[in-house]
Amino acid sequence: MSEVTYTAVATSTAEGRNGGRATSDDGLLDVGLAVPKALGGAGGGTNPEQLFAAGWASCFVGAVRRVASVKQVPLNDLAVVAEVTLHHDTAAGEFQLSAALHLEASGIDQATADDLVRGAHQVCPYSKATRGTIEVTLDATVA
């Protein structure tokens, strides 16, 4: 591995996704966790899939900006929407994830947006960490 530049530390307590809390060691992240209503839970809290989606979307925006900078593509408005889906294989009694990353950009053409998404998926650490382990779909929309 390369030189360590940063290590995030977070702790989940109590029942984890079912009524626990997730906190970061610096105290800036402190969220109550809950099973979403869509899964039969009480809702009213954040769930691990939302946290993962927020982290991946944030990282992917940076990756798009990095690729655009290398290719000297000026960017105007930019957003990444990450959808992380929890799947339940009832026959096996196991859960797995899939994800969809949607780039929303303006001031560039569709071909450029598609190229930036593909490039970002190659350099984003979240994309690298999940490569070959979960199904990921990519797309881009230009305004």
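Here is a short walk through this predicted model, point by point.

1. **The overall layout.** A good place to begin is the list of elements: the chain has 3 helices and 6 strands. Read from the N terminus, they follow the order β-β-β-α-β-β-α-α-β. The C-alpha trace spans about 50 × 35 × 30 Å along its principal axes.

2. **Surface and interior.** Of the chain's 143 residues, 31% count as buried. The exposed area comes to about 8,900 Å², and carbon and sulfur atoms supply 52% of it. Among contacts with a separation of 6 or more, 48% join residues 24 or more positions apart.

3. **The strands at the start.** Strand β1 (residues 10-12) and strand β2 (residues 21-24) run antiparallel and are joined by 3 bridges. On its other pairing, β2 is joined to β3 (residues 30-32), again antiparallel and with 3 bridges. Thr23 is a handy residue to look for here: its bridge partner in β1 is Thr11, and Thr23 also stands opposite Asp30 in β3. Between β2 and β3 the hairpin has 5 residues, and there Gly27 takes a positive phi near 80 degrees.

4. **Two faces of β2.** Which residues of β2 are on the covered face, and which on the uncovered one? Ala22 and Ser24 make up the covered face, while Arg21 and Thr23 make up the uncovered one. This fits a general pattern: in a regular strand, side chains alternate between the two faces of the sheet.

5. **Helix α1.** This helix has 23 residues, and its first and last C-alpha atoms are 33 Å apart, close to the 33 Å expected at 1.5 Å a residue. Its N-terminal end is capped by Asn47, with a side-chain oxygen 3.1 Å from the backbone nitrogen of Glu49. Just after the helix, Gln72 takes a positive phi of about 55 degrees.

6. **What α1 buries.** The buried residues of α1 include Ala53, Trp56, Ala57, Phe60, Ala63, Val64 and Val67. In a helix there are 3.6 residues a turn, so residues three or four places apart point the same way. The cover over the buried residues of α1 includes β4, β5, α2, α3 and β6.

7. **The nonpolar core.** The largest nonpolar core has 25 residues, and those with the most contacts inside it are Trp56, Phe60, Val64, Leu103, Ile108 and Leu116. At least two residues of this core come from each of α1 (48-70), β4 (78-89), β5 (94-105) and α2 (110-123). Helix α1 supplies the largest share, 8 residues. For a closer look at one member, try Ile108: beyond residues up to four places away in sequence, Ile108 touches Val73, Pro74, Leu75, Ala113, Leu116 and Val142.

8. **Helix α2.** The 14 residues of α2 should span 20 Å at 1.5 Å a residue, and the end C-alpha atoms are indeed 20 Å apart. At the start of the helix, a side-chain oxygen of Asp109 reaches to within 3.3 Å of the backbone nitrogen of Ala111. Ala113, Leu116, Val117, Gly119, Ala120 and His121 are the buried residues of α2. Their cover includes α1, β5, α3 and β6 (135-142).

9. **Thr130, a polar residue inside.** Is Thr130, in helix α3 (residues 125-130), buried or exposed? Its relative accessible area is 9%, under the 20% cut-off, so Thr130 counts as buried. The side chain of Thr130 reaches the backbone oxygen of Tyr126 at 3.0 Å. Beyond its neighbours within four places in sequence, Thr130 is in contact with Phe52, Trp56 and Val136.

10. **Ala105 and the end of the chain.** Ala105 belongs to strand β5. With a relative accessible area of 6%, Ala105 is buried. Ala105 and Val142 are 37 residues apart in sequence, yet their C-alpha atoms are 4.9 Å apart in space. Apart from neighbours within four places in sequence, Ala105 is in contact with Asp77, Leu78, Thr141, Val142 and Ala143.

How values were computed: Residues numbered from 1 in each chain as written. Predicted model: local features only at pLDDT ≥ 70, side-chain atom pairs only at ≥ 80, totals over all residues. Heavy atoms only, no water. Buried < 20%, exposed > 50% of the residue type's maximum accessible area, 1.4 Å probe, protein only. Polar contact = N/O pair within 3.5 Å; in protein donor to acceptor, adjacent residues only side chain to side chain. Contact = heavy atoms within 4.5 Å. Core = buried A, V, L, I, M, F, W, Y, C linked by side-chain atoms within 4.5 Å. Helix = DSSP H or I, 4+ residues; strand = E, 2+ residues; numbered from the N terminus. Expected span 1.5 Å × (residues − 1). Pairing = 2+ DSSP bridges. Areas by Shrake-Rupley, 256 points an atom, 1.4 Å probe, with all protein chains shown as cover.
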